[in-house]
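Me: I'm new to reading protein structures. Could you walk me through a couple of features in this one?

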Amino acid sequence: MHDTSVQAAHHAPPTSFIRKHIFSQDHKVIGKQYYALALFAAIVGMFLSWLMRIHLAWNNAAIPGLQLLSSSGAPGGVMTPEYYLQLMTMHGTIMVFFVLTTAPFAAFGNFFLPIQVGAEDMPFPRFNMMSFWVTFVAFLVLMASFFVGDGPTLGGWTQYAPLNSIGAVGGPGQGTGVVLWAISIALFCVGQLLGSLNFIPTTLDLRVKGMSLMRLPLSAWAWFITSCMGLTAFAVLMPACILVILDHVAGTSFFVASNLVLNDQVLPHSGGSTLLWQHLFWFFGHPEVYIAIVPGIGIVSHVLITNMRRPMLSARVLIYSMGALAVLSYMVYGHHMFVSGMNPFSSLAFSFPTLVITIPSTVVVLIWTFSLYGSKLRINSASLFALGFISMFVSGGVSGFFLAQPSIDIMLHATYFVVGHFHLVMGVAAMFGIFAGTYFWFPKMAGRMMNETLGKLHFWLSFVGAYCIFMPFHYLGMAGNIRRYSTFTDDFLQPLIPVHRFITVAALITGAAQLVFLYNLIHSRYWGKPAPDNPWEATSLEWSTATPPPFDNFGGKHPVVYHDPYQYGVESSVGDYLMQTSPEQVKTEHDEK
Amino acid sequence: MAKLFSITIVLIAIFSAIPILRHTWVAPEDISTHGALIDEQMSETMAEAGISFLAAQFILALFIWKFSNRGPDAKIKSFPGGAKGLVIAALLVVGVEVMALGVFGVKAWANVYLDAPSANAMPIQVQAGQFAFYFRYPGPDGKFGGLRPELINEGSQNIFGLDPEHDVDARDDIVAAEMAIPVNKEVHLLMHAKDVGHSFFVRELRVQQDFVPGLDVSLHFTATKVGKYEIVCTQLCGLGHYNMKAYLEVMSQQDFDNWLKQQAGQ
Ligand code: HEM
Ligand SMILES: [Cu+2]
Ligand SMILES: [Cu+2]
């Protein structure tokens, strides 16, 4: 489209090791750096979930070595209830921010968005580099809170006010722990804002000749829509975190009401609003859920089409649905606050858009499922994870029906039902999107193939395992087991303990299964079979260049695009597909435009 | 491998549905006048969500079974009706389904949250603080004394910060660490938090409501069954959160009057 501005992204390849691999401005290196960060964060996050699960199943059991992590939090290796909450907070924060936002969006998006639009790089490579390094520092700051006096904050990933604002009087981790949490998240927001500022002009301005918006692959659309969400959502969370920091260190009271009493002392704060934090947080927090899942929708669509050997029933409808999800995601944020004490009429007002959002979600699922009809589906690790994503997305999605209704939320709010719901839909489904993307794009990123047998083994263990972990969470919630409790003292919860044990065993096995993936990733990176340029017989631009792509992506050439991205099921000189760059004209048998 | 995948999805769907159909794990019995509507809403949602869940998984399994690894000669076909048909179907089926749920749900919600408590509802003030609930009854004069946060002192048991010396209304106020209410009598809770956010959840009563520091929140309900029930805090409120609970005793009017006298005597 805008052939001239392609030049804007041009910069000379670096020569020094540091410029090439560490402070690199190459979007591909930055993408890999993000991936590595997400991988490391996921390992830490999963390890924490193991500790939590073991504690939940065997309350007073000593976990050998845990006292090394925190001697006061786990004397003799037995986790204290408050240490449980600290680990839970870190688990949630790490997973949501440093795994689910970085891997599907920042990692894959950085690597592939410029290539899919045919650009040589992002328009602001220096910002792009900063985006990663700021995120990296944010992660270090968060991890640092493990090592400060009273440990990480225990307020949960939502950090509700005023507990987050009153300082050390609030209990363990409410001093330095909260400040580090807030600094980390504020930095994280800066990193993602810098990223979004690059993604949007890349999509709008750097497309090559012939690449109209409707010819963008669905993954590129997903990253574009996500970056628009990121721009608005992170721009709200960042100032909110700064206000928390101010409440802590400067004695302001944005989130602390007057006349609160702790330890028989009236707090010096006055005039703030508790609910203000919830509004600010969820105005970010709900779009964040879609920031985690929309790239997954794009990736899964892209992977699925390639493996179905036919276009989706309608790519256009998928794009509109993703757009609708993005817009609606802001209008529904109040459904996290049905019983929060806001006006009960507002709860109803937020309930309706929440119910409406099931429509575009359903449309997406229907388009995927019914596109399988009459296709020539290839089964491989990538497509298995993509299909698994659909199944999980449905399972996690239907529980949204319940939570969307304030009257039912009275019973389910703050129970394990919610934990089951969000783990399936944004935890596991999004993870499956990441895995599908990894198995699919690894050859392009690393220049080698991954091992398919190990990939399938990884899939089976993860798919069955994830259901075994997260389905029972719904039952616990319906029975009234509330979350964020590390013990079950009430009689009626005793029969639930076997369920907790079952979940824990499943979590240990499923977690261990991720080692198969890790091994496959590392082994294939160095010793895998060398990958051809287009191993999946795919059509979009990333497959039209060398493997791995040269520094400027297309070796000095500017590709020209002639087709929509999914010309499958056609007859052409190369087989049943036609590259976007191929000038060949072929009549398609179907007319799904 | 594709067939195995289809079978797995179907099995997972069926196994997931069994505990629901057998009611293995369900909420404790409802003891409130407003809870029936909520429970009904819950079952209806379960039916609709359950059918959507099973249908989606089965169709996915079926298509994967039939259309994977087909030979090179197999023909690509499109689902009759295409995307347009699906979008219209989704709009109609899902749209009507969720809107119906939403509209009926309003009734259940309105019952508790939009209707005002009746004039003769019994007022009880609840104060949540790290990590306990306290309950205050207005005493024989029917009036609550004013609150003075600076007077709160747990050591001398002035939990609410009352000032009986200067405040006549406060003199007969009754403060208790457990909550007792008469059966079949509407109760009007006046809720406030002393320090941070907490929440009031009684499963059997079908009541859950956050305490918001700096805000007075109110709630009303009628309990229909005598018994002892647990009140839990569901809002992460600090290190003792897991231990923050109290008991609700629903009593006959007679027992309640005695209980109140006994509390007043202390
Ligand atoms: C290995 C798989 C995982 C297991 C076994 C697991 C387990 C848990 C458990 C037991 C809790 C505490 C629930 C509570 O008491 O409220 C929790 C919380 C949470 N998990 Fe996971 N989790 C896993 C993966 C993930 C993933 C992939 C995500 C990414 C979305 C995630 C996000 C969260 C969040 C946001 C919370 C809430 C933390 C909070 O309340 O502050 N988890 N998880
Ligand atoms: Cu509490
Ligand atoms: Cu609490």
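**Helix packing and a metal site**

Reply: Sure, and keep in mind that this is a predicted model. Let's start with two helices in chain A: the axes of H4 (residues 81–117) and H6 (residues 176–205) come within 11 Å and cross at roughly 20°.

Me: How do I read the crossing of H4(A) and H6(A): roughly parallel or roughly antiparallel?

Reply: Two packed helices are described by the angle between their axes and the distance between the axes. Angles under 35 degrees count as roughly parallel, so H4(A) and H6(A) are roughly parallel to each other. Their crossing is left-handed.

Me: Which residues in H4(A) and H6(A) meet?

Reply: On the H4(A) side they include Phe97(A), Phe98(A), Phe105(A) and Leu113(A), and on the H6(A) side Trp181(A), Ile185(A), Phe188(A) and Phe199(A) are among them.

Me: Now the metal. Which protein donors does the copper ion (ligand 3) have?

Reply: They're Cys233(B) through SG, Gln235(B) through O, Cys237(B) through SG and His241(B) through ND1, lying 2.0 to 2.5 Å from the ion. In sequence, these donor residues are spaced C-x1-Q-x1-C-x3-H.

Me: Why is the arrangement around the copper ion (ligand 3) tetrahedral?

Reply: Ideal angles at a metal are 109.5 degrees for four tetrahedral donors. Here the 4 donor atoms subtend angles of 87 to 125°, and four donors count as tetrahedral if all angles lie between 85 and 135 degrees.

Me: Are Cys237(B) and His241(B) buried or exposed?

Reply: Buried means under 20% relative accessible area. Cys237(B) has 0%, so it is buried, and His241(B), at 0%, counts as buried too.

Me: What does Cys233(B) coordinate?

Reply: Cys233(B) coordinates both the copper ion (ligand 3) and the copper ion (ligand 2), which are 2.6 Å apart.

Note on methods
Residues are numbered from 1 along each chain as its sequence is written. Chains are lettered from A and ligands numbered from 1 in the order in which they are written. This is a predicted model: local features need pLDDT of at least 70, side-chain atom pairs count only at pLDDT 80 or more; totals for chains, interfaces and linings use all residues. Side-chain values use heavy atoms; hydrogens and water are left out. Donors are N, O and S atoms within 2.8 Å of the metal (3.2 Å for Na, K and Ca); water is not among the atoms, so sites may look incomplete. Four donors count as tetrahedral if all angles lie between 85 and 135 degrees; four count as square planar and six as octahedral if opposite donors are over 155 degrees apart and all others between 65 and 115; anything else is irregular. Buried means under 20% relative accessible area, exposed over 50%, partly exposed in between (1.4 Å probe, protein chains only). Axes are lines fitted to C-alpha atoms, for helices over the stretch in contact, and angles run from 0 to 180 degrees between N-to-C directions. Helices (H or I, at least four residues) and strands (E, at least two) are DSSP runs, numbered from the N terminus. Angles under 35 degrees count as roughly parallel, over 145 as roughly antiparallel, 65 to 115 as roughly perpendicular and the rest as oblique. A crossing is left-handed if the near helix is turned anticlockwise from the far one by less than a right angle, and right-handed if clockwise. Contact means heavy atoms within 4.5 Å.
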